[in-house]
Amino acid sequence: MRLSKILNSLENSWERDRILLNIKRGLGTDEIVNEFLVKNESQIKELNSLLRPEDIDLLNQVEKLSTCESKLINEIKNLNYLENDENNHILNEKKIAPSNRVSHNKISSFMINWSNKFVVIALLTISAIALSKQAWA
């Protein structure tokens, strides 16, 4: 039960809207992560003490999945620049600027929801593993 409370608390501390706002303001990802670690140091230490080897393996897999998703996002983002030369890109931007904003908002919304679901599923999986261990103990 303790693990579940810690995970819920950490999830609530990791407010995606606030983080995106900080990124837009120019804060670096290292600064954001370090700030989170400092603010939640005791909970993170307690979480770390409760993790089993199989939980660590799961976290490693989640990290690899996140890295894979990040690479995919970069590839999708860079695809447009590879296919169009700079002049053509500027012309297309002028012609379809209003619809481009709509598609940008849709993509942004999709990525945020997709990522949120992924984080929630990962946290629920870790919680389920911990709860099943407690049930069998």
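Two residues are in contact when their heavy atoms lie within 4.5 Å. By this criterion, and leaving aside neighbours within four places in sequence, Ile126 is in contact with Leu3, Leu7, Leu58 and Leu59.

The model is predicted. The mean pLDDT of the protein chain is 76. A value of 70 or more is reached by 58% of its residues. Among the elements, helix 3 has the highest mean pLDDT, at 92. The lowest, 56, belongs to helix 6 (residues 86–95). Where pLDDT is low, the predicted coordinates should not be read in detail.

Ile126 also belongs to the largest nonpolar core. This core has 10 residues in all. The other members are Leu3, Ile6, Leu7, Leu10, Phe36, Leu47, Leu51, Leu58 and Val62. Helix 1 gives the most to the core, with 4 residues. Helix 1 and helix 5 (53–83) each supply at least two. In soluble globular proteins, nonpolar side chains tend to be buried together.

Phe36, a member of this core, also takes part in an aromatic pair. The structure holds 1 such pair. Its partners are Trp14 and Phe36, arranged edge-to-face. The ring centres are 5.0 Å apart, with 85 degrees between the planes. The pair links distant parts of the chain, 22 residues apart. Trp14 sits in the loop between helix 1 (2–13) and helix 2 (16–24), and Phe36 in helix 3 (residues 29–39).

The two partners are assigned to separate burial classes. Phe36 counts as buried because its relative accessibility is 15%, under the 20% limit. Trp14 has 30% relative accessibility, so Trp14 counts as partly exposed.

Key: Residues are numbered from 1 along each chain as its sequence is written. This is a predicted model: local features need pLDDT of at least 70, side-chain atom pairs count only at pLDDT 80 or more; totals for chains, interfaces and linings use all residues. Side-chain values use heavy atoms; hydrogens and water are left out. Rings of Phe, Tyr and Trp (its six-membered ring) pair if their centres lie within 6.5 Å; planes under 30 degrees apart count as stacked, over 60 as edge-to-face and the rest as tilted. Buried means under 20% relative accessible area, exposed over 50%, partly exposed in between (1.4 Å probe, protein chains only). pLDDT is the predictor's confidence in each residue, from 0 to 100. A nonpolar core is a set of buried Ala, Val, Leu, Ile, Met, Phe, Trp, Tyr and Cys residues joined through side-chain atoms within 4.5 Å.
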